[in-house]
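Me: Please take a close look at one part of this model, the strands and the core they build. I would like one connected account.

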Amino acid sequence: MRLWLKLIWIITILVNLSGVIWFVLGSTANFQRGIDLISTVILLYLGIPSILLIVVSSFLLLKKWSPSRWWEFIGVLIIIIAMLLMTPHLYKNVETNGWLTEKIRTDSIQQTPDGRFEYCMELINLFQKNSSARLYLKNTQTLEEIRIHLEFPTKEITGVSWGDVNYFVKLEPTTNSNIYILNTTEEFPFPNEKYEINILEKTAVKINNQ
């Protein structure tokens, strides 16, 4: 096989393989979630054909096969062109949120009764293995933003009802200006949970319901 054709073929295999790997990582959020319907369709129409072409190409190259007829040469060019055409679509259809960046959904913004803070609950990477929850606070005077981790078994959440307005938590002040009590509402998958929020230390401690 001519050296230039072999080099182009090898480079094409590596480029196409990188596209397949990137697509698999992106569609599963680095294996943190199951593949969805749209990604499954893309995998069937682009991913699997790419893998087949990669396997066939690698086999022929390892066997040191060389096209000796014009139609064999044309066949190799078609394989190379097909892999190059599929690769950009594999890259383009990948979402990076949920693994390279956080995928955040929140309930509606509220204000504490004392007017000191605006707040909401942030659900990060919901329906994934790396999901978590935290309380978002914004000081209405200084505009300082605070995020406090909440110990919820978010991996167990299988569904959340979203409306135009959602209130998953209620935050109530106490006699201590740095301490608030957080209660989850009936709209949240884990209702009637109670936490002591320490603004100064940025901690949330669960309070056992009596």
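Reply: Two strands count as paired here if DSSP finds at least two bridges between them. By that rule, β3 and β4 pair in the antiparallel sense over eight bridges, and within this pairing E122 has R134 in β4 as its bridge partner. The model is a predicted one.

β3 has further partners. Strand β1, residues 104-106, pairs with β3 in the antiparallel sense over three bridges, with R105 standing opposite L123. Strand β2, residues 110-111, runs antiparallel to β3 and is joined to it by two bridges; here Q111 stands opposite E118. β2 and β3 form a hairpin with five residues between the strands, and G115 in that hairpin takes a positive phi near 75°. β3 itself is mostly covered, since seven of its eight residues are buried, that is, under 20% relative accessible area.

On from β3, β4 covers residues 132-139 and pairs with β5 in the antiparallel sense over six bridges. One of the bridge pairs sets K138 against E145 in β5. β4 and β5 also form a hairpin, with five residues between them, and L143 in the turn has a positive phi of about 65°. Strand β5, residues 145-150, has two unlike faces: I146, I148 and L150 are on the covered face, whereas E145, R147 and H149 are on the uncovered one.

In soluble globular proteins, nonpolar side chains tend to be buried together. The largest nonpolar core of this model has 25 residues, and those touching the most other members are M121, L135, L137, L150, L171, L182 and I197. The elements that each give two or more residues to this core are β3, β4, β5, β6 (169-173), β7 (179-184) and β8 (194-198). β3 gives the most, with four residues.

I197 shows how the parts meet. Beyond its neighbours within four places in sequence, I197 is in contact with L135, I148, L150, L171, N178, I179, Y180, L182, T203 and A204. Of these, I148 and L150 belong to the covered face of β5. Another core, of 19 residues, lies apart from the largest one, and includes F23, I79, I80 and M86.

Away from the strands, the largest pocket holds about 280 Å³ of space. Its lining has 15 residues, with S27, R33, D36, S39 and E95 nearest the centre. α1 (3-27) and α2 (37-62) each supply at least two of the lining residues. By class, this lining has five nonpolar, six polar and four charged residues.

Definitions and conventions:
Residues are numbered from 1 along each chain as its sequence is written. This is a predicted model: local features need pLDDT of at least 70, side-chain atom pairs count only at pLDDT 80 or more; totals for chains, interfaces and linings use all residues. Side-chain values use heavy atoms; hydrogens and water are left out. Buried means under 20% relative accessible area, exposed over 50%, partly exposed in between (1.4 Å probe, protein chains only). A nonpolar core is a set of buried Ala, Val, Leu, Ile, Met, Phe, Trp, Tyr and Cys residues joined through side-chain atoms within 4.5 Å. Contact means heavy atoms within 4.5 Å. On a 1 Å grid over the protein atoms alone, a cavity is a set of points where a 1.4 Å probe fits but cannot get out, and a pocket is an open set with protein on both sides within 12 Å along at least five of seven lines; lining residues have an atom within 4 Å of a point. Grid points are joined across faces, edges and corners, and a volume is the space filled by probe spheres set on the points. Ala, Val, Leu, Ile, Met, Phe, Trp, Tyr, Cys and Pro count as nonpolar, Asp, Glu, Lys and Arg as charged, and the others, Gly among them, as polar.
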